[in-house]
Amino acid sequence: MKTAVLRFTLLIVIFTLVAGNLPLWSLSERLEATVDYIFETIEVPSVDFLELTSSNDLGHYAGNTLSPDGENMVGFTLIDGMLSTYSIPDSLTFGFYGLNNAGQVVGFYQDANEISHGVIVQDGELTQFDFPGAAETEIFGVSESGLLIGDIFDADGAIHGFVGNEQFDVPGATITYADDMNAAGFLVGSYVDADGVYHGYIRHPNGGFTTFDYPGMLSNLEYLFVNAINDAGIIVFRAKAFGSLERTYIRLPNGALKELKFPGSVTTVARDIDRTGQIVGYYDALDGRRYGFIAKPLPSETVEDLSAVYSVSLPRGLNMISVPLQPEAPMTARSLSEMLGATTVIMLDEVRQEFVGWTPDAPDYGFPIEGGKGYIVNLLEPQQVTFAGTTWTNQPPAAAPASGAASNEGAWAFVVSGRLESEWSLNGYLVTAQNLRTGATMTGRVHDGYFAVATADLSRRSIVQVGDTLEVTVTDTTGEIASAQFSFTVTPDTLANAVLPVTLDGIGTPNKTLLLQNYPNPFNPETWIPYHLSDAAPVTLLIYDATGQRIRTLSLGLQAAGFYQNRSRAAYWDGRNDLGEQVSNGVYFYQLSTPSEHQMKRMVITK
């Protein structure tokens with residue numbers, strides 16, 4: 001179980017029923033309290049993808065995961081530690097989004113014709129629900145009395161909210177989404193106005209609406225979706241600005257907004273909040289997996305004194321440091337980098353015994369900074385840094401930082417980072433960089449099109465020098481080659497930064513068709529022939545002896561554009577001719593033939 005604590009001040013307001021156009025929340029009684037959230041990761045053995053979307057007061061959970069073959073989304077319930085999955089044969093999508101104390105689980109699926117239908121599960125039995133007269137139905141919530149909340153599509157494709165048997169629209173909206181309702185009958189969701197701008201809304205029990213926005217984001221808002229409201233009037237929603245990551249926020253009853261983020265995650269999505277203020281959702285981690293989480297509020301008396309300070313001088317270049325005090329807010333690679341002005345932050349993954357790098361151009365906050373652990377940072381200028389906080393709750397860190405600056409002669413830690421250009425998601429792809437001078441390699445996974453691979457020598461011996469050639473390749477999630485080989489040279493500037501920034505393009509689709517050298521070569525009796533295809537085409541490999549006589553034809557059929565390099569994808573020749581006879585040793589030639597390309601190379605059989 002992973003845990004982390006996030007601290008901020010909430011204004012808790014006692015919720016009261018209102019009527020007419022009176023304010024939504026009465027301020028007749030209020031309590032100001034400092035609240036800490038302790039995060040717990042929810043994991044199920046052998047499950048690498050767990051979207052936790054809803055919970056009830058009994059400690060039961062519902063959400064979505066992947067089918068055993070990894071091809072489709074299926075719904076799940078997690079009751080008393082037991083995972084049960086639900087799906088509909090031939091459905092394109094399936095998901096659960098609501099759970100009440102009566103054990104009703106709700107969601108929707110999309111059939112083979114891409115039509116959405118609501119689903120309700122009660123006592124393990126799954127039934128379909130279609131809102132009367134609607135072309136499509138998507139359910140996102142269920143009240144304690146069993147009222148369904150969600151969206152419907154009419155015959156013209158317009159989207160409306162619904163609760164129970166009532167359809168509704170926010171005045172002036174072109175699209176209305178409905179998501180959740182609390183015990184007092186206040187319903188929340190989001191809508192799109194005539195200008196295409198997203199807003200959040202609260203629908204009062206009397207049918208009136210209150211609109212809310214994320215200040216300063218309207219002009220750059222890609223979307224905003226409201227997910228839940230509890231009986232205290234605290235709202236959970238998520239929003240995404242163009243060019244940024246999706247973020248999750250808590251809206252307090254006084255209108256204040258607070259961001260909620262699982263420390264060290266790539267993205268955090270909160271989906272539900274119960275009457276005690278406990279929040280559930282999921283996050284994407286650096287390892288490419290999706291985990292469920294619970295954020296539990298803690299009483300203020302558990303917060304320790306944060307008055308201690310510690311100052312340290314750091315020289316220019318590479319430094320090995322540990323953070324001496326636990327800060328008030330959880331620290332990440334990004335916040336440490338901003339504090340120090342570092343060009344990179346590197347940590348050692350002790351389980352995998354691999355270095356993990358992070359650079360400021362990453363789309364996320366990076367890994368969490370913990371007590372008792374050392375981190376490598378690279379500074380362009382000397383820094384006098386003061387840390388403030390309290391004693392770490394885990395093992396104390398090393399007392400003093402150690403340093404070893406990079407120079408033109410070499411660096412003892414280095415990162416290759418950058419972005420991959422592609423038309424589709426490359427999350428989970430593996431980037432490998434090899435120093436051709438030393439043979440050392442570094443690897444790392446892609447997330448949100450970004451990667452950072454790191455290497456270091458903790459005895460601070462030089463491992464990268466000016467003039468070194470770093471060869472970078474990309475493989476997909478199955479281990480297949482997904483790129484050509486890229487070569488980059490280490491310059492004095494990159495060595496000073498301890499970071500080589502690169503951009504990798506053409507991932508998944510080669511820039512040109514290319515026949516590569518067979519392997520092994522020489523061989524006996526079998527070999528593999530790799531090639532690249534820039535466009536889909538029928539492919540034939542022709543093999544000739546030294547006299548130019550064709551002895552074998554390998555018809556590979558229509559092949560999609562891609563990299564055919566690994567043994568599982570490259571062409572295979574068993575050293576036999578078209579008659580099935582083993583050919584003699586000597587020189588042979590092989591030719592890649594497509595309607596637009598003919599390329600030939602030489603190979604040798606030895607016996």
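1. Surface first. The protein chain exposes about 27,000 Å², and carbon and sulfur atoms supply 50% of that area. Please keep in mind as you look around that this is a predicted model.

2. Next, the overall make-up. You will find 48 strands and two helices in the protein chain. The chain has 607 residues, of which 52% count as buried. If you take the contacts between residues at least 6 apart in sequence, 54% of them join residues at least 24 apart.

3. Aromatic rings are a good place to start exploring, as the structure holds 28 aromatic pairs. One of them is formed by Tyr-283 and Phe-293, a tilted pair with 6.5 Å from centre to centre and 50° between the planes. This pair links distant parts of the chain: Tyr-283 belongs to strand β24 (residues 279–284) and Phe-293 to strand β25 (residues 290–298), ten residues apart. Are these two rings buried or exposed? Tyr-283 is buried, at a relative accessible area of 3%, and Phe-293 is buried as well, with 0% relative accessibility.

4. For another pair, turn to Tyr-519 and Trp-528. Their ring centres are 6.5 Å apart and their planes meet at 20°, so this pair counts as stacked. Tyr-519 is partly exposed, with a relative accessible area of 25%, whereas Trp-528 is buried, with 11%. Trp-528 has a charged partner too: the charged end of Arg-567 sits over its ring, 3.9 Å from the centre.

5. Back to Tyr-283 and Phe-293 for a moment. Both belong to one aromatic cluster, together with Phe-39, Phe-262 and Tyr-291. Elsewhere, a charge and a ring meet at Tyr-564, where Arg-569 lies over the face of the ring, at 4.2 Å from its centre.

6. Thr-248 deserves a visit of its own. This residue lies in strand β21 (residues 247–251). Why does Thr-248 count as buried? Its relative accessibility is 1%, and buried means under 20%. What does its side chain reach? The side chain of Thr-248 comes to 2.8 Å from the backbone oxygen of Thr-268. A polar atom of that side chain also lies 3.2 Å from the backbone nitrogen of Ala-270.

7. The wider surroundings of Thr-248 are worth displaying as well. Leaving aside neighbours within four places in sequence, Thr-248 is in contact with Val-236, Phe-237 and Arg-238, with Lys-258, Glu-259 and Leu-260, and with Thr-268, Val-269 and Ala-270.

8. Now to strand β43 (residues 537–544), which is mostly covered, with six of its eight residues buried. Which strand is joined to β43 by eight bridges? That is strand β44 (residues 550–559), and the two run antiparallel. Within this pairing, Val-539 has Gly-557 in β44 as its bridge partner. The hairpin of β43 and β44 has five residues between the strands, and there Gly-548 takes a positive phi near 90°.

9. β43 has a further partner in strand β47 (residues 586–593), paired in the antiparallel sense over five bridges. Here Tyr-544 stands opposite Phe-589 of β47. While you have these strands on screen, a general point may help: in a regular strand the side chains alternate between the two faces of the sheet.

Terms used. Residues are numbered from 1 along each chain as its sequence is written. This is a predicted model: local features need pLDDT of at least 70, side-chain atom pairs count only at pLDDT 80 or more; totals for chains, interfaces and linings use all residues. Side-chain values use heavy atoms; hydrogens and water are left out. Helices (H or I, at least four residues) and strands (E, at least two) are DSSP runs, numbered from the N terminus. Buried means under 20% relative accessible area, exposed over 50%, partly exposed in between (1.4 Å probe, protein chains only). Contact means heavy atoms within 4.5 Å. Accessible areas come from the Shrake-Rupley method with a 1.4 Å probe; for residues, only the protein chains shown count as cover. Rings of Phe, Tyr and Trp (its six-membered ring) pair if their centres lie within 6.5 Å; planes under 30 degrees apart count as stacked, over 60 as edge-to-face and the rest as tilted. A charge sits over a ring if NZ of Lys or CZ of Arg is within 6 Å of the ring centre and within 35 degrees of the ring normal. A polar contact is a pair of N or O atoms within 3.5 Å; within protein, one must be able to donate a hydrogen and the other to accept it, and residues adjacent in sequence count only if both atoms are side-chain atoms. Two strands pair if DSSP finds at least two bridges between them.
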